[in-house]
Amino acid sequence: MRLPSEPDVLVIGAGAAGIAAARAVLAAGRSVLVLEARDRPGGRVLTDHRLGLPFDHGAAWLHNAEDNPLVALAGSLGMALADSDALRREFSFVGDRPATPAEQADYGEAWDRATAALAARAAQPGDCSLAEALPQGGAWDATVSAWQADIISAAPPGRISLADFTANALDGGNRMVEDGLGTLLARLAEGLPIRLSAPVTRLDWGGRQAVAEGVFGTIRAGAVIATLPTSLIAAETIRFDPPLPAEVLQAAADLPLGSVAKVGFRGATALGLPPFSSIDRQVAPGEPLVAISARPFGRDLLACHVGGDIAAALEAEGDAALEAFMRAEVALRFGARAAAALHFDPIVTAWQRDPWARGVYSYARVGRAGARQILAAPMAGGRLCLAGEACHTRLAGTVAGAWYAGEAAAAAALAALG
Ligand SMILES: Cc1cc2nc3c(=O)[nH]c(=O)nc-3n(C[C@H](O)[C@H](O)[C@H](O)COP(=O)(O)OP(=O)(O)OC[C@H]3O[C@@H](n4cnc5c(N)ncnc54)[C@H](O)[C@@H]3O)c2cc1C
């Protein structure tokens with residue numbers, strides 16, 4: 001495909017936001033070029049087939065299915081989705097044994113208490129941390145907290161803004177893509193003018209035309225949409241000239257990316273679990289929670305997740321440490337023989353070490369929920385827009401949020417072009 005050398009709109013990054021922005025610019029009849037640092041599109045969404053089945057390193061669920069543009073897009077491509085909520089079978093452990101029905105009922109009540117406590121505190125003036133708002137002391141409170149903070153928000157509860165957490169509407173349905181969410185994004189990127197292995201190192205946005213520089217030389221464009229994760233904006237991995245306004249850099253710093261590490265094993269069938277199983281365990285305060293998702297679509301896959309600081313620490317220790325940690329959790333719940341039945345050579349994710357991500361998705365620091373609007377505000381009359389999951393207030397941290405933010409940035413850039 002011939003790539004435009006002087007596009008109307010230059011998009012930096014071919015993740016969900018960049019793909020959505022590029023499609024919107026093309027749909028409006030204007031030219032676009034996407035410069036992507038990696039050798040593949042998709043960004044934090046990647047399906048890996050090394051296990052002989054699809055395994056998503058990053059995003060795996062289409063959240064908020066009722067208002068998620070990727071649900072309809074998957075349908076238009078004839079890609080099969082599963083309603084993973086309807087199909088999910090939940091199992092909770094207390095130590096090395098399944099929870100009793102009474103304990104299970106207690107667990108349900110702990111979730112209800114937490115939901116009510118968060119809503120009650122959020123209705124009061126002033127922000128606070130999730131830790132301050134969540135109930136503590138009950139048998140399951142630390143487990144609910146670990147789910148809400150470390151697993152879902154990728155950070156410890158003491159660092160997460162309650163206002164931002166409750167603004168996020170992740171209470172809708174969930175879908176899984178049979179061929180993998182990364183496969184869906186790769187299909188949506190097909191045919192777009194994307195130049196791979198083309199990291200932008202400098203962006204001059206002071207003149208009538210913006211000028212991007214990198215190994216590709218220089219590209220001039222009428223408007224620019226930059227979709228870098230906040231980790232990279234805050235670290236100023238692209239030299240913006242003039243520099244980004246101080247409040248924008250501060251907003252990126254106030255929306256850091258958290259940590260989630262995943263290990264995908266084959267050998268799940270030996271555990272005797274039904275398809276779409278979700279298995280957790282009661283944890284004590286401070287104890288890490290491993291959330292296990294087993295046999296999606298009836299496959300022989302066990303995906304083990306851990307989030308927050310322990311995920312970052314284990315990832316820094318290396319793949320062997322993460323694998324051993326997950327095998328020990330499987331052994332605790334299902335016995336040493338079941339853990340030994342898991343195949344060697346699992347897939348171990350490494351988002352923190354990934355130079356083009358440096359984390360998984362954004363959370364807002366306490367008191368800084370407003371940072372998302374600051375980040376999303378078009379600059380230079382729409383000729384420079386930031387986009388990405390961190391720019392969406394209602395679906396932050398998700399593929400759908402990134403998609404909508406990419407479309408919004410495209411609308412602002414197109415309006416600036418006139
Ligand atoms: C482990 C994990 C689990 C997740 N689970 C879910 C889930 O189940 N459901 C869900 O909805 N979301 C989930 N997410 C979040 C979701 O993946 C992200 O919110 C979304 O993909 C972000 O898209 P984006 O376009 O904003 O950013 P990215 O996907 O990060 O895209 C930005 C792109 O910019 C590129 N780039 C960076 N610097 C440069 C440069 N200098 N020049 C050119 N290109 C550059 C990057 O390589 C990248 O491709 C998960 C993420 C992870 C990592």
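This passage describes the annotated domain, the ligand surroundings, two groups of paired strands and two individual residues of a predicted model.

According to the unreviewed UniProt entry, the feature "domain: Amine oxidase" covers residues 17-85 and 168-413. In residues 17-85, helix accounts for 30% and strand for 19%, and the end C-alpha atoms of the span are separated by 26 Å. In residues 168-413, helix accounts for 30% and strand for 22%, with the end C-alpha atoms lying 26 Å apart.

The ligand is surrounded by 37 residues, of which E36, R44, W61, E389 and V399 are the closest. For E36, an N or O atom of the side chain lies 2.6 Å from an oxygen atom of the ligand. Backbone atoms also take part in the polar surroundings: a polar backbone atom of V399 is found 2.9 Å from an oxygen atom of the ligand, and a polar backbone atom of V200 is found 2.9 Å from a nitrogen atom of the ligand.

V200 belongs to strand 11 (residues 200-204), which runs antiparallel to strand 12 (residues 210-214) and is joined to it by four bridges. Within this pair, L203 has A212 of strand 12 as its bridge partner. The open sheet that contains these strands has four members in the order 13-12-11-15, with mixed pairing. Strand 13 (217-221) and strand 15 (239-241) each have a single partner strand and stand at the edges, so one side of each has no neighbour in the sheet. Neighbouring strands of this sheet are turned against each other by 20 degrees on average, with direction ignored.

A further set of pairings involves strand 19 (residues 301-307), which is largely enclosed by the rest of the structure because seven of its seven residues are buried. The residues of strand 19 point in two directions, with L301, A303, H305 and G307 facing one way and L302, C304 and V306 the other, and all of them are buried. Strand 16 (residues 260-266) runs antiparallel to strand 19 and is connected with it through seven bridges, and in this pairing F265 stands opposite L302. Strand 18 (residues 291-294) is likewise antiparallel to strand 19, to which four bridges join it; here the bridge partner of A294 is L302. Strands 18 and 19 form a hairpin in which six residues lie between them, and R295 in the turn has a positive phi of about 55 degrees.

Residue I194 lies in strand 10 (residues 194-195) and counts as buried because its relative accessible area is 15%, under the 20% cut-off. Apart from neighbours within four places in sequence, the contacts of I194 are L3, A14, V34, E36, P41 and A189; one of these, E36, is also among the residues closest to the ligand. Between I194 and G286, which are 92 residues apart in sequence, the C-alpha to C-alpha distance is 44 Å.

Residue S161 occupies the loop between helix 6 (141-151) and helix 7 (162-167), and counts as buried because its relative accessibility is 0%. A polar atom of the S161 side chain lies 3.3 Å from the backbone nitrogen of A163. When neighbours within four places in sequence are set aside, S161 is in contact with D127 and C128, as well as with A364, R365, V366, G367 and A369.

Methods: Residues are numbered from 1 along each chain as its sequence is written. This is a predicted model: local features need pLDDT of at least 70, side-chain atom pairs count only at pLDDT 80 or more; totals for chains, interfaces and linings use all residues. Side-chain values use heavy atoms; hydrogens and water are left out. UniProt positions are given in the numbering used here, feature names are shortened, and annotations may be inferred rather than shown by experiment. Buried means under 20% relative accessible area, exposed over 50%, partly exposed in between (1.4 Å probe, protein chains only). A polar contact is a pair of N or O atoms within 3.5 Å; within protein, one must be able to donate a hydrogen and the other to accept it, and residues adjacent in sequence count only if both atoms are side-chain atoms. Contact means heavy atoms within 4.5 Å. Two strands pair if DSSP finds at least two bridges between them. Axes are lines fitted to C-alpha atoms, for helices over the stretch in contact, and angles run from 0 to 180 degrees between N-to-C directions. A residue is near a molecule or strand if one of its heavy atoms lies within 4 Å of it.
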